[in-house]
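Me: I am new to this structure and would like a close look at a single part of it. Could you take one strand, and then follow the contacts that lead outward from there?

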Amino acid sequence: MGNSINVMGLEIDILSEETFQKDMNEYLSNDYLNIVHLISLDYMDAYEKDEQVREALQEADLVLPGEKAILTSCHVDVLETGGMVVDYRTAWRLCGNGMMDGKSCYLVLRNKKEAKVVYRYLLTYCPGLEIVGLYTPGSAISGEDLVNDINTKVPDLVLMSLESTQGEQWLHENKVKINAKLCIVMSSVMNMIIRENIHIPKALKSLHLGKAYTALARLPYSNMWRKRIFRKKMDNYNNRKLMETADVREELPYEKDGGK
């Protein structure tokens, strides 16, 4: 089953695990590029302010929730119990269920440190996925160089996480040139993935402080804390909409017969 919900003006696809697997398998067998975005709360401000981001999401094949907190107003516990894809963890668990075995992947990431985290994550959840290339542009991205390198490696999957809206802009300009089957844009959830899969230094492990270190690192992205952020964002969004509605009403011509 597939459906969508509106969260602060953004349409997010809500898929059952079965539908998600079916769609991913279909995308990975196509002869053209399909694009999937995983969205977190960190993306909401960019969506509202940046026209490039709005266009990119409208062009995408799927826009999926990257974290549970973004579904706070939609009974996320019920959705999760009903077997729906509610965050990036669910998505990658399903991708790792043999779906990526024998497939190849090209990584487009912000830096080498991020690449190490993603590599360890993929090795854990998708051990049958082969990494065939890595591009870390730093502060700038060369569109043609990246397209050429991807097309040389001919990957099934491109995983992308870039600063700001670089990824959306690059995909918008180059998607028809890319010789791959599926691109998953993870920019919005990458900080969360890094925090939740942090490398524990050996010294802390030897002192049996690994769990405490991990708990502190994850605290800013705990579901309870993120739900509070969501509610604040939702209140601000609703207040802005009320003010916009009030402004529109003030601009309407007032007629002597009671405004009718």
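Reply: What follows looks at strand β8 and its surroundings, and then turns to side-chain pairs elsewhere in the chain. Please keep in mind throughout that this is a predicted model.

Strand β8 covers residues 182-185, and its side chains alternate in direction: Leu182 and Ile184 point one way, while Cys183 and Val185 point the other way, and all of them are buried. The strand has a partner in β3, residues 34-39, which runs parallel to β8 and is joined to it by 4 bridges. Within that pairing, histidine 37 stands opposite valine 185 of β8. Strand β7, residues 157-160, also pairs with β8 in the parallel sense, again over 4 bridges, and here valine 158 is the residue that stands opposite cysteine 183. Between β7 and β8 the connection involves helix α8, residues 166-174, and these three elements together make a right-handed β-α-β unit.

The loop between α8 and β8 is worth a careful look as well, since two lysines in that loop take part in salt bridges. Side chains of opposite charge can pair when their charged atoms come close. Lysine 177 forms a salt bridge with glutamate 144, with the closest N and O atoms 3.0 Å apart. This contact links distant parts of the chain, for lysine 177 sits in the loop between α8 and β8 whereas glutamate 144 belongs to helix α7 (residues 143-153), 33 residues apart. Both partners are partly exposed, lysine 177 with a relative accessible area of 39% and glutamate 144 with 43%.

In the other contact from this loop, the side chains of lysine 181 and aspartate 156 meet in a salt bridge at 3.6 Å, N to O. Here too distant parts of the chain are linked: lysine 181 lies in the loop between α8 and β8, aspartate 156 in the loop between α7 and β7, and the two are 25 residues apart. Their surroundings can be described separately, as lysine 181 is partly exposed at 25% relative accessible area, while aspartate 156 counts as buried at 13% relative accessibility.

Moving away from the strand, the structure holds 8 salt bridges, and one of them brings together the side chains of glutamate 17 and arginine 93 at 2.7 Å, N to O. Glutamate 17 is in helix α1 (residues 17-27) and arginine 93 in helix α5 (residues 88-95), so that pair joins parts of the chain 76 residues apart. Glutamate 17 is partly exposed, with a relative accessible area of 23%, and arginine 93 is partly exposed with 43%.

Helix α5 also contributes to the aromatic contacts, of which the structure holds 2 pairs. Tyrosine 88 and tyrosine 121 form a tilted pair, 6.2 Å centre to centre with 50° between the planes. Because tyrosine 88 lies in helix α5 and tyrosine 121 in helix α6 (residues 112-125), the pair ties together parts that are 33 residues apart in sequence. Tyrosine 88 is buried, with a relative accessible area of 1%, and tyrosine 121 is buried with 6%. The rings of tyrosine 121 and tyrosine 125 have centres 4.6 Å apart and planes at 35°, so this pair is tilted. Both of these residues lie in helix α6, 4 residues apart, about one turn of the helix, and tyrosine 125 is partly exposed, at 36% relative accessible area. Taken together, Tyr88, Tyr121 and Tyr125 form one aromatic cluster.

Note on methods:
Residues are numbered from 1 along each chain as its sequence is written. This is a predicted model: local features need pLDDT of at least 70, side-chain atom pairs count only at pLDDT 80 or more; totals for chains, interfaces and linings use all residues. Side-chain values use heavy atoms; hydrogens and water are left out. Buried means under 20% relative accessible area, exposed over 50%, partly exposed in between (1.4 Å probe, protein chains only). Two strands pair if DSSP finds at least two bridges between them. A crossover is right-handed if, with the strands pointing away from the viewer, the path from the first strand over the helix to the second runs clockwise. A salt bridge is a side-chain nitrogen of Lys or Arg within 4 Å of a carboxyl oxygen of Asp or Glu. Rings of Phe, Tyr and Trp (its six-membered ring) pair if their centres lie within 6.5 Å; planes under 30 degrees apart count as stacked, over 60 as edge-to-face and the rest as tilted.
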